[in-house]
Amino acid sequence: MSYQQQPSQFQPPQQPQQAQPPQQQYQPQQGYQQPHYQAQQAMGMLQLTVQGSAMTSNLVPPTVRLNGYPVPVKYGRNDIPVPAGPLRVEVQSQWILTYGKAALDCMVQPNQAVPVFYASPYHQFTSGSIGHTKVKRKGLGTMLGLVGVIVAVVVLVNVLVALN
């Protein structure tokens with residue numbers, strides 16, 4: 001077996017080259033061109049007040065949709081920037097079932113604040129209340145009537161047990 005070794009050639013180590021930024025040639029503009037800007041849409045403000053609190057209404061704040069898009073809210077006043085124009089506010093409460101549905105259509109002018117108030121009902125068998133001024137909660141009579149019936153049944157059962 002023959003193995004031929006190539007003569008080694010000595011090469012001195014090369015110095016690392018520093019990276020140089022690419023050089024660009026200046027090209028004069030051919031005339032001034034107007035930059036393209038997108039026109040901003042006029043905005044307004046929705047001042048949505050969710051009446052009640054987690055202690056008096058529901059532990060879960062209501063679900064709000066503005067023109068079909070969900071918006072997170074809390075109890076109390078919520079300042080929500082909205083585009084000017086027609087606006088549909090839909091609110092509903094949630095506890096085991098969805099209840100207290102209410103909707104309001106309004107027109108928002110540029111730089112205008114539109115007040116909207118929502119109150120969920122006292123029980124799950126009626127709709128919510130919504131308007132541009134403070135609203136009352138629905139269902140108080142039904143709830144008081146139901147509680148009265150329950151108290152009357154308990155008293156009646158106790159009286160019947162005491163008589164026997």
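Q: Which residue of strand 5 does Val 64 stand opposite?
A: The model is predicted. Strand 2 covers residues 63–66 and strand 5 covers residues 85–95. Four bridges join the two strands, which run antiparallel. The residue of strand 5 opposite Val 64 is Val 91.

Q: How many bridges join strand 5 to strand 6?
A: Strand 6 spans residues 97–108 and runs antiparallel to strand 5. One facing pair is Pro 86 and Met 107, with Met 107 in strand 6. The number of bridges joining strand 5 to strand 6 is 10.

Q: Which residue in the turn of the hairpin of strand 5 and strand 6 has a positive phi?
A: Strand 5 and strand 6 form a hairpin with one residue between them. The phi in the turn is about 20 degrees, a positive value. The residue is Ile 96.

Q: Which residue in strand 3 stands opposite Arg 65?
A: Strand 2 and strand 3 pair over three bridges. The sense of this pairing is antiparallel. Opposite Arg 65, in strand 3, stands Pro 70.

Q: In what order do the four strands form the open sheet?
A: Strand 2 pairs with strand 3. Strand 2 is also joined to strand 5, and strand 5 to strand 6. The pairing in the sheet is antiparallel, and the order is 3-2-5-6.

Q: Which strands stand at the edges of that sheet, and why is one side of each left without a neighbour?
A: The open sheet runs in the order 3-2-5-6. Each edge strand has a single partner strand, so one side of each has no neighbour in the sheet. From one strand to the next, the twist averages 25 degrees. The edge strands are strand 3 (69–71) and strand 6.

Q: Which strand supplies the largest share of the largest nonpolar core?
A: That core has 21 residues. Leu 46, Leu 48, Leu 66, Ile 80, Leu 87 and Ile 130 have the most contacts inside it. At least two core residues come from each of strand 1 (43–50), strand 2, strand 4 (76–83), strand 5, strand 6 and strand 7. The largest share, four residues, comes from strand 6.

Q: Which asparagine does Leu 87 touch, not counting residues up to four places away in sequence?
A: Leu 87 is among the residues with the most contacts inside the largest nonpolar core. With residues up to four places away in sequence left out, Leu 87 touches Leu 46, Leu 66, Val 82, Leu 104, Asp 105, Cys 106 and Val 108. The list also holds one asparagine, Asn 67.

Q: Is Asn 67 buried, partly exposed or exposed?
A: Asn 67 is found in the loop between strand 2 and strand 3. Its phi is positive, about 50 degrees, although Asn 67 is not a glycine. The relative accessibility of Asn 67 is 40%, so Asn 67 counts as partly exposed.

Q: Why does Asn 111 count as exposed?
A: Asn 111 is found in the loop between strand 6 and strand 7. Phi of Asn 111 is near 60 degrees, a positive value in a residue other than glycine. Exposed means over 50% relative accessible area. Asn 111 counts as exposed because its relative accessibility is 77%.

Q: How many Å apart in space are Pro 81 and Asn 111, C-alpha to C-alpha?
A: Pro 81 lies in strand 4 and is exposed, with a relative accessible area of 55%. Leaving aside neighbours within four places in sequence, Pro 81 is in contact with Met 43, Gly 44 and Met 45. Pro 81 and Asn 111 are 30 residues apart in sequence. Their C-alpha to C-alpha distance is 9.8 Å.

Q: Which residue's backbone nitrogen does the side chain of His 123 reach?
A: His 123 is found in the loop between strand 7 (113–119) and strand 8 (129–131). His 123 is buried, with a relative accessible area of 16%. Not counting residues up to four places away in sequence, His 123 touches Tyr 99, Gly 139, Thr 142 and Met 143. At 3.0 Å, its side chain reaches the backbone nitrogen of Phe 125.

Q: What percentage of the residues in the protein chain is buried?
A: The protein chain has one helix and eight strands. From the N terminus on, the elements run β-β-β-β-β-β-β-β-α. The chain exposes about 13,500 Å², and carbon and sulfur atoms supply 57% of that area. Of the 164 residues, the buried share is 25%.

Conventions. Residues numbered from 1 in each chain as written. Predicted model: local features only at pLDDT ≥ 70, side-chain atom pairs only at ≥ 80, totals over all residues. Heavy atoms only, no water. Pairing = 2+ DSSP bridges. Buried < 20%, exposed > 50% of the residue type's maximum accessible area, 1.4 Å probe, protein only. Polar contact = N/O pair within 3.5 Å; in protein donor to acceptor, adjacent residues only side chain to side chain. Contact = heavy atoms within 4.5 Å. Core = buried A, V, L, I, M, F, W, Y, C linked by side-chain atoms within 4.5 Å. Axes fitted to C-alpha atoms, helices over the stretch in contact; angles between N-to-C directions. Areas by Shrake-Rupley, 256 points an atom, 1.4 Å probe, with all protein chains shown as cover.
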